Structures are given as structure tokens and as C-alpha cells.
Amino acid sequence: MKVSSKNKLLFTVLAIGVAAITTVVLLKPKPEEKPPEAVVPPVADVLYAEPGRQTLLVPSQGTVHARHEIEVVARVGGVIESVGEAFVPGGFFAEGASLLLLEQADYIHKVTRAESQLADAKSALAQEQGRAKQAKREWRDLGSEAANALFLRKPHLQAAEAAVAAARADRDQAKLDLARTAVKTPFAGRVVETYVDLGQYITPGTPLAKIHSTGIAEVRLPLTDQQLALLDLPLGKSFEHGPEVRLRAMVAGLEREWRAQLVRTEASIDTNSRFIYAVAQVQNPYEGDVPLMNGLFVEADIAGRTLDGIVVLPRQALHEGDHLLVLDEESELVFKTVELLQSIGDQVWLRGDIAVGDRVVVSSLGYSREGMALTANPLNEKPAGLIDSVKSDAEADSNTTGETAATNSAAHGGH
């Protein structure tokens with residue numbers, strides 16, 4: 001059977017197509033095999049721990065007040081004749097300074113009259129003493145062995161002596177009232193507030209001003225029972241050399257500092273807050289560039305116990321309140337339990353199984369488990385003299401790169 005030319009052409013086309021497809025399939029380049037990429041552990045910020053001897057700082061706060069603050073009251077009455085330059089709110093005065101002066105004329109007259117009465121009483125006493133001597137001589141001249149007190153004028157003499165003592169007391173009281181017309185200060189200090197002014201009539205007992213001393217300032221610092229455990233305070237006893245205290249406050253836009261010292265604890269525990277109050281004193285608070293003014297609110301750091309094996313870390317290093325995340329020699333995560341001694345600001349004071357050079361994780365991890373591998377990113381210098389048994393991350397990366405290169409070379413026949 002003859003094949004038509006049309007079928008012959010179709011077979012030819014099919015043969016050429018099959019040959020072309022076969023050629024394409026045979027000449028298709030094979031994909032190059034690539035080695036699997038090494039998995040890089042997550043990066044975590046770490047700090048080299050340096051436990052050592054630390055003095056704990058116990059934080060507290062309080063308001064400054066003067067050691068002495070009193071209300072000045074008039075002891076005598078009268079018209080205010082003059083006032084001192086310091087008799088204004090905020091005025092400074094020295095010890096024994098006169099704040100104001102009352103009119104003295106009436107009190108001078110009283111002193112004069114009292115002295116006159118004292119002179120009369122002394123004269124009467126002298127006359128009575130003379131009569132008593134005369135009576136005694138007469139008694140002797142009579143030769144009588146017995147004589148009563150009345151005959152010797154003893155009651156008269158005692159009455160005259162008592163009159164002199166009373167007149168002298170009246171004179172002293174008049175002088176004292178005259179001296180009290182000048183209102184003087186019992187200490188060096190500052191005027192807080194005034195209640196009277198020039199020309200005003202006052203009576204005994206009238207409040208004149210409120211003043212406070214400037215020699216010593218005090219701050220009442222509340223302490224919890226846990227804070228007391230960090231301090232060496234002899235509770236229930238007086239002490240002379242208490243812990244040092246650093247006071248801080250913002251004044252005129254700048255943080256200022258003052259040095260103080262604990263001098264005593266108060267007699268009882270506050271029934272509402274259950275705090276016990278320690279009192280810190282500052283000597284001469286108005287000396288220096290910035291005075292420690294009455295009423296200023298201050299933050300306080302009290303020097304507490306000095307302990308060994310204490311490490312100070314950022315607050316974020318502490319997890320769940322009692323453990324740290326530490327990288328071991330293989331850069332794998334290990335949990336270590338610690339004791340939180342105190343927390344101030346963004347720092348915590350810890351004690352526990354922490355060695356010098358431990359790499360403590362301080363960055364936030366979304367997920368963490370023991371044995372988890374991490375890449376350390378140190379944020380501080382390695383402690384001096386530390387024997388490094390842990391390869392650095394750079395060395396580890398270098399070794400990993402070398403091993404990967406060797407693997408690739410072997411896979412490609414050493415080329």
C-alpha cells in the first residue's frame with residue numbers, strides 16, 4: 001500500500017519534533033546542589049557579672065524641717081514701738097537678736113516704784129534691827145534669866161526681813177518685765193510668719209511670729225521592716241555615729257545633693273503605715289551654694305550593710321523575681337536562682353550562685369528554655385584576669401565558616 005505524500009510529510013514532522021524534544025531534554029542543565037545553610041542562634045545582649053563587696057543603699061524620702069520650730073508669744077503687754085529688720089517672713093536673725101520692742105515707759109516707772117518700796121523695806125528692817133538690839137541690852141541690864149521672843153522683838157524683826165525680801169522680788173519682777181519688752185530669739189534662725197506689726201497694741205500671750213532654727217535640719221525617713229534588715233540600726237537605743245545619708249532634690253532645675261547622718265529612730269511604729277521613722281540630721285543646712293530649705297521634699301539613699309558576693313545588674317536581667325538567664329561555655333541558656341536584696345531605680349542588688357564572668361542575659365527574649373542556644377552580644381568589658389574558657393562569637397563564626405567551606409569543597413570535588 002502506498003503512503004500518500006501527505007502522510008509522509010506528517011511522519012516527517014513528527015520525527016523532527018520528537019528529535020527536537022529529546023535534544024532539549026538531554027541538553028537541559030542540571031541544577032547545582034547547594035549545601036544547607038547553617039542555622040544562626042538568636043542574638044542576645046549579655047553582661048559579664050562581677051560579684052563583689054558592695055554597700056547596700058536603702059532608699060527613702062521625706063520632707064525637711066528645722067530641728068527647732070516655735071511660736072513666739074508676748075510675755076508682757078503694750079504698744080509695739082519698733083520692729084527689727086529680720087521681723088519679716090524669711091528674715092534671718094542671730095541668737096539673742098531683738099525681733100521687736102514694746103513701749104517701755106510704764107515698765108520703767110514700775111521699776112522705780114519697786115526700788116522705792118525696797119528702800120523703805122530696808123529702812124524698816126534697819127530700825128527693827130536697832131530696836132531688837134536695844135531690847136536685848138535692856139534684858140541683860142535687868143538680870144533676868146528668861147526673856148520671851150516678843151520682848152526681844154523677834155517677830156517684828158522677821159516681819160521686817162520678809163518685807164525686804166518681798167520688795168526685792170517685786171523689784172526683780174519689774175526689771176524682768178522691763179527686759180521682756182524686747183522680744184529676743186533663743187537661737188539663730190529664720191522668721192517663718194509674722195502675726196503683728198509696728199504700732200499694734202498687744203496683751204500677754206499674744207502670738208507674735210513663728211520662727212525656726214537654721215543650725216540643724218532634720219528629715220524623717222520612713223523605713224519598712226525589710227529595709228531595716230539592711231541597716232545596722234540599734235533599735236530602741238540612742239546612737240551617735242549612725243549610717244551616712246545622701247539627700248537629693250531638684251532645685252532651680254538642677255539636682256542638688258546634701259550629706260546627712262542618721263541620729264535616732266522615733267519611739268514608736270506608725271500605726272497607719274506600719275513604718276518606723278529614722279531621723280537624719282544635716283548640720284548648717286544654709287551653708288553652701290544651695291541651702292537645704294525648710295519644707296523641701298528630698299529623696300534619700302541610706303548606707304546599709306556591706307556584704308560580699310553582691311552583683312548589681314539592670315532590672316530587666318531579673319526574671320520572675322528570683323532567677324537569671326546565664327549563658328554557659330557552649331552559649332546555651334542556664335537558669336540560676338538568686339536572692340533579690342533590694343531594687344533602686346532601674347538596678348537590682350542580687351546575691352546567689354553567680355560567678356565572676358558569668359554572661360547574664362539582659363535583653364528581652366520572647367521565648368526561653370534551658371539549653372536554648374544563643375549568640376552573645378557583650379555590652380561590657382570582660383573582667384580583668386578572667387580565664388576565658390568560652391570561645392568568642394567571632395571565633396565561633398570563623399570556625400563555622402571554615403567548616404562550611406571545607407564541606408562545600410568536598411562536595412565539588414575539592415575545587
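This is a short tour of a predicted model, with a residue or strand to select at each stop.

Residues are numbered from 1 along each chain as its sequence is written. Because the model is predicted, local features need pLDDT of at least 70 and side-chain atom pairs count only at pLDDT 80 or more, while totals for chains, interfaces and linings use all residues; side-chain values use heavy atoms, with hydrogens and water left out.

**Stop 1: a surface patch**

Select residues 5-27, which are helix α1, and look for L10 there. (Helices are DSSP runs of H or I with at least four residues, strands are runs of E with at least two, and both are numbered from the N terminus.) Is L10 buried or exposed? L10 is partly exposed, because its relative accessible area is 48%; buried means under 20%, exposed over 50%, and partly exposed in between, with a 1.4 Å probe and protein chains only. Now add F11 and L14: together with L10 they make a nonpolar surface patch of about 320 Å².

**Stop 2: an open sheet**

Next, show β3, β10, β8 and β5, four strands that form an open antiparallel sheet in the order β3-β10-β8-β5. At the edges you will find β3 (69-73) and β5 (92-93), each paired on one side only. (Two strands pair if DSSP finds at least two bridges between them.) Zoom in on β8 (residues 189-194) and β10 (residues 207-213), which are joined by five bridges. Click on G189 and then on S213, its bridge partner in β10.

**Stop 3: a buried strand**

Jump to β16, residues 323-327. How many of its five residues are buried? Five of the five are. H323, L325 and L327 lie on one side, and L324 and V326 on the other, so color the two groups separately to see that both faces are covered.

Now bring in β17 (residues 333-344), which pairs with β16 in the antiparallel sense over five bridges. L325 stands opposite F335 in β17. The two strands form a hairpin with five residues between them, and in the turn S331 has a positive phi of about 60°.

Which strand is joined to β16 by two bridges? Select residues 359-361: this is β19, and it runs antiparallel to β16. Here L327 stands opposite R359.

How values were computed:
Patches are made of residues with over 30% relative accessible area and no salt bridge: like charges are joined within 9 Å, nonpolar side chains (Val, Leu, Ile, Met, Phe, Trp, Tyr) within 5 Å. Accessible areas come from the Shrake-Rupley method with a 1.4 Å probe; for residues, only the protein chains shown count as cover. A salt bridge is a side-chain nitrogen of Lys or Arg within 4 Å of a carboxyl oxygen of Asp or Glu.
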